[in-house]
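Welcome, and thanks for taking a look at this one with us. Please have the sequence and the 3D view open side by side as you read.

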Amino acid sequence: MVVAAGSLGAVAGGVLSLSWRPRRAILVGCALMGLTASTPLLLALAPYTWALVVANFVAGVGIEQAGVAWYSTLNEQIPEDRLARVYAYDDLGSFLALPLAQFAAGPAVLLLGLQATLYAAAALILLATLAMVATPSVRALVPKPAEPLPASEDPVPG
């Protein structure tokens with residue numbers, strides 16, 4: 001139920017992104033990633049299913065908003081001839097970081113205990129979120145002005 005709630009939250013976040021476009025989308029997206037700290041924090045403090053379902057739903061909304069902001073910003077800010085390479089590096093970083101973090105969780109529990117590991121996970125998420133939000137280039141990034149569409153030589157087809 002908890003994992004399904006996160007997926008439903010992502011769907012809701014996707015629907016929300018169809019109409020909500022914050023001016024500083026990458027800043028908002030980075031800040032919303034902090035919502036993911038609620039899951040390990042609740043697991044440590046109050047591991048009630050209903051609380052975890054709600055927290056994961058809200059985190060799913062935040063993750064999807066961050067994803068939309070990230071990919072929109074990449075497409076807008078990275079020159080087209082370099083975009084595929086940037087996507088490749090982005091995927092490589094994600095594909096390396098996620099399993100390494102998951103692998104480290106087991107030894108961390110053995111070394112620190114379950115409660116301390118959950119608190120540490122929440123703290124790391126919040127610290128990473130604060131680092132992203134505190135970065136001046138993230139705070140200052142605004143959309144580029146839209147370029148006018150090229151005028152057609154024949155405005156009326158046919």
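The notes below walk through a few places in this model, which is a predicted one.

## A buried acid in H5

A good place to begin is Asp90, which sits in helix H5, spanning residues 80–112. This side chain is buried, yet Asp90 has no salt bridge. Where is the nearest side chain of opposite charge? That would be Arg85, and it is 14 Å away. A salt bridge calls for a side-chain nitrogen of Lys or Arg within 4 Å of a carboxyl oxygen of Asp or Glu, so Arg85, at 14 Å, does not provide one for Asp90.

What does Asp90 have around it, then? Its side chain shares a polar contact of 3.2 Å with the side chain of Trp70. Leaving aside residues up to four places away in sequence, Asp90 touches Trp70 and Tyr71.

## The nonpolar core

Next, have a look at the largest nonpolar core, which consists of 5 residues: Ile26, Leu27, Cys30, Ala69 and Val138. Helix H2 (residues 25–32) supplies the largest share of this core, with 3 residues.

Ile26 is a handy residue to centre your view on. Setting aside residues up to four places away in sequence, Ile26 is in touch with Ala69, Trp70, Thr73, Val138 and Leu141. Two of these names, Ala69 and Val138, are also on the list of core residues. Trp70 will be familiar too, as the partner of Asp90 in the 3.2 Å polar contact.

## One side of H3

Helix H3 runs over residues 38–45, and its residues Thr39, Pro40 and Ala44 are buried. These residues lie on the same side of H3, because they cover an arc of only 130 degrees around the axis.

Which helices do the buried residues of H3 pack against? They pack against helix H4 (49–77) and helix H6 (114–134).

## Two residues with more exposure

Let us finish with two residues in H1 and H6. Val3 belongs to helix H1, residues 2–19, and counts as exposed because its relative accessibility is 65%. From Val3 to Ala131 there are 128 residues along the sequence, and the two are 27 Å apart in space, C-alpha to C-alpha.

Ala128 lies in helix H6. Is Ala128 exposed or only partly exposed? Its relative accessibility is 39%, so Ala128 counts as partly exposed. Ala128 and Ala5 are separated by 123 residues in sequence and by 24 Å in space, again C-alpha to C-alpha.

Terms used
Residues numbered from 1 in each chain as written. Predicted model: local features only at pLDDT ≥ 70, side-chain atom pairs only at ≥ 80, totals over all residues. Heavy atoms only, no water. Helix = DSSP H or I, 4+ residues; strand = E, 2+ residues; numbered from the N terminus. Buried < 20%, exposed > 50% of the residue type's maximum accessible area, 1.4 Å probe, protein only. Lys, Arg positive; Asp, Glu negative; His and termini not counted. Polar contact = N/O pair within 3.5 Å; in protein donor to acceptor, adjacent residues only side chain to side chain. Contact = heavy atoms within 4.5 Å. Arc of directions from axis to C-beta. Core = buried A, V, L, I, M, F, W, Y, C linked by side-chain atoms within 4.5 Å.
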